[in-house]
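Q: Please take a close look at one part of this model, the largest cavity. Which residues line the largest cavity, and how do the residues of its lining divide by character?

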Amino acid sequence: MKIDADLVHRLITEQFPQWAELPVSAVPLPGMDNATFRLGDDLSVRLPRHPRWIGQVEREQRWLPWLAPQVPLTVSTPVAAGRPGQGYPFPWSVYRWLEGEAATTEGLADPVRAARELAGFITALQKIDATGGPAPDLSNAFRGERVGTECDSLAADSLVRAKIAKLDGIVDTDAVTAVWEAALAAPAWDRAPVWLHGDLATGNLLAVEGQLSAVIDFGTLAVGDPACDLIPTWMFLPAQARDAFREAVALDDATWARARGLALAGSLPVPDDPFFAVPARVTASLRHLDAVLADFAEHGQRR
């Protein structure tokens with residue numbers, strides 16, 4: 001399905017004529033699950049690319065206006081709900097545009113401060129009443145589900161083990177397997193489900209002059225096991241900031257073990273996976289995997 005600026009302009013003109021004269025332009029990082037466009041200076045438009053992600057629209061429309069005032073970092077919030085039209089078959093959203101650039105590991109002005117601010121966001125999210133919140137399901141990629149559960153998730157046990165087998169001779173598969181099995185053996189989250197973002201990747205964190213400023217893309221929002229929100233430890237934060245993050249989130253050893261398994265599941269550069277056709281992604285994935293293995297060597301095996 002072709003989703004371009006012309007389609008967005010036609011949808012806006014049809015459904016929100018008050019914005020019909022605003023220019024529509026693609027953003028530098030348009031997103032994999034959803035296409036994002038800038039609308040004028042103050043708005044953005046977000047459209048699901050596939051039927052699987054339709055549930056994300058309803059979740060963000062329902063929950064973000066309520067969650068946003070309760071967390072310390074700015075959160076993208078919807079200002080209008082679009083409906084199918086102009087040949088586009090899914091619901092979609094208009095958001096307030098948030099200034100900032102995608103936060104990067106190298107671009108952080110003060111990594112330890114960033115680690116503590118991100119931890120503050122995560123802990124604040126977990127303290128919010130989760131009654132009636134969205135459970136793990138297909139449309140949020142089963143974020144918050146128990147590690148290894150056989151579902152359409154990157155962390156399904158059979159999928160992870162198959163990927164590890166394909167990496168024999170490329171990475172230390174014995175070490176990788178040890179991390180994964182420790183995650184499976186760790187006790188499950190035994191408290192009430194809590195709110196989690198589900199995808200705190202660099203593209204979903206914004207920074208202004210090297211300081212964290214906002215969190216965007218809540219498509220994987222869920223209530224469940226918060227282990228997946230610890231993944232930035234290895235996939236975003238530099239080594240010198242990880243201890244500060246670990247201390248600030250104050251979660252138990254079992255949650256950290258599950259988090260290492262989830263981070264590993266997303267950092268296996270299987271040669272036949274189309275996502276890893278880009279060499280830079282392979283390099284980044286191997287770097288993240290090394291960080292997870294090092295963390296396991298330091299923290300996991302003595303606990």
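A: In what follows, Ala, Val, Leu, Ile, Met, Phe, Trp, Tyr, Cys and Pro count as nonpolar, Asp, Glu, Lys and Arg as charged, and the others, Gly among them, as polar. The model is predicted: local features need pLDDT of at least 70 and side-chain atom pairs pLDDT 80 or more, whereas totals for chains, interfaces and linings use all residues. Numbering runs from 1 along each chain as its sequence is written, and side-chain values rest on heavy atoms, without hydrogens and water.

The search yields one cavity of 30 Å³ or more (a set of points on a 1 Å grid over the protein atoms alone, where a 1.4 Å probe fits but cannot get out). The volume of the largest cavity is about 40 Å³, taken as the space filled by probe spheres set on points joined across faces, edges and corners.

Its lining (residues with an atom within 4 Å of a point) consists of Asn-34, Arg-46, Pro-48, Gln-56, Val-57, Glu-60, Ser-93 and Tyr-95. Strand E3 (43–48), helix H2 (54–67) and strand E6 (92–96) each give two or more residues to this lining; helices (H or I, at least four residues) and strands (E, at least two) are DSSP runs numbered from the N terminus. Helix H2 gives the most, with three residues: Gln-56, Val-57 and Glu-60.

By character, the lining divides into three nonpolar, three polar and two charged residues. Pro-48, Val-57 and Tyr-95 are the nonpolar ones, Asn-34, Gln-56 and Ser-93 the polar ones, and Arg-46 and Glu-60 the charged ones.

Terms used. 1 Å grid on protein atoms, 1.4 Å probe; cavity = no way out; pocket = protein on both sides within 12 Å on 5 of 7 lines; lining within 4 Å.
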